[in-house]
Amino acid sequence: MKYQVIIIGGGPAGYTAAEAAGKAGLSVLLFEKQNLGGVCLNEGCIPTKTLLYSAKTYDGAKHASKYAVTVPEVSFDLPKIIARKSKVVRKLVLGVKSKLTSNNVTIISGEATISVSYTHLRAHETS
């Protein structure tokens, strides 16, 4: 199949461009070698913010007595915190994928390369 638009990388720029092109009625192919959403969604911003929110909640409960709130025993469950983080990331990645597929974007999980061959090269002299 021939595509009018081919995008390498499903990070914020790539998936936004793919969605817009698909909405415009173009045939779109998107390559992503890891996970849709890019580093921010999968490894950086979003996972960090979910972990920080859990830490902030724990810290607030631990120091609640400053605010006349009694919390008898404060603890945390790290595996559950990690599971929550993973669930949030998974939900957002699935949301990105859903937007793309609903706009007729074909997604290929894998690495892409650009190969250019020149069959006719001429030297151009300027005087």
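**Asn42, its helix and the fold around it**

Asn42 sits in helix α2 (residues 38-42); helices (H or I, at least four residues) and strands (E, at least two) are DSSP runs, numbered from the N terminus. This is a predicted model, in which local features need pLDDT of at least 70 and side-chain atom pairs count only at pLDDT 80 or more, while totals for chains, interfaces and linings use all residues. Residues are numbered from 1 along each chain as its sequence is written, and side-chain values use heavy atoms, with hydrogens and water left out.

**Overall layout**
- The chain has four helices and three strands, running β-α-β-α-α-α-β from the N terminus on.
- Its radius of gyration is 23 Å, where a compact globule of 127 residues would have one near 14 Å (taken over C-alpha atoms, with the globule rule being 2.2 Å times the number of residues to the power 0.38).
- Along the principal axes, the C-alpha atoms fill a box of roughly 85 × 40 × 25 Å.
- Of the 127 residues, 24% count as buried; buried means under 20% relative accessible area, exposed over 50%, and partly exposed in between (1.4 Å probe, protein chains only).
- Among contacts (heavy atoms within 4.5 Å) with a separation of 6 or more, 61% come from residues 24 or more positions apart.

**Around Asn42**
- Asn42 counts as buried because its relative accessibility is 17%.
- A polar atom of the Asn42 side chain lies 2.9 Å from the backbone oxygen of Gly38.
- Skip the neighbours within four places in sequence, and Asn42 is in contact with Asn35, Leu36, Gly37, Pro47, Val89 and Val93.

**The nonpolar core**
- The largest nonpolar core has twelve residues: Ile7, Ala18, Ala21, Val28, Leu30, Leu36, Leu41, Val89, Val93, Val96, Leu100 and Val105.
- The elements giving it two or more residues are α1 (12-23), β2 (28-32) and α4 (78-102), and α4 gives the most, with four.
- Such a core is a set of buried Ala, Val, Leu, Ile, Met, Phe, Trp, Tyr and Cys residues joined through side-chain atoms within 4.5 Å.
- Core member Ile7 touches Gly14, Ala17, Ala18, Val28, Leu29, Leu30 and Phe31, not counting residues up to four places away in sequence.

**Helix α1**
- The twelve residues of α1 should span 16 Å at 1.5 Å a residue, and the end C-alpha atoms are indeed 16 Å apart; the expected span is 1.5 Å times one less than the number of residues.
- Buried in α1 are Gly14, Ala18, Glu19, Ala21 and Gly22.
- Those buried residues fall within an arc of 165 degrees seen down the axis of α1, so they line one face of the helix; the arc is that of the directions from the helix axis to the C-beta atoms.
- What they pack against is β1 (5-8), β2, α4 and β3 (105-109), while Ala13 and Lys23 are exposed on the other side of α1.
- Just after α1, Gly25 takes a positive phi of about 90 degrees.

**Helix α3**
- Helix α3 (residues 45-62) has 18 residues and reaches 25 Å from its first C-alpha to its last, close to the expected 26 Å.
- Its buried residues are Pro47, Thr50 and Ser54.
- Down the axis of α3, the buried residues fall within an arc of 70 degrees, so they line one face.
- Their cover includes α2 and α4.
- Turned away from the buried side of α3 is a face carrying the exposed residues Lys49, Leu52, Tyr53 and Lys56.

Definitions and conventions:
Polar contact = N/O pair within 3.5 Å; in protein donor to acceptor, adjacent residues only side chain to side chain.
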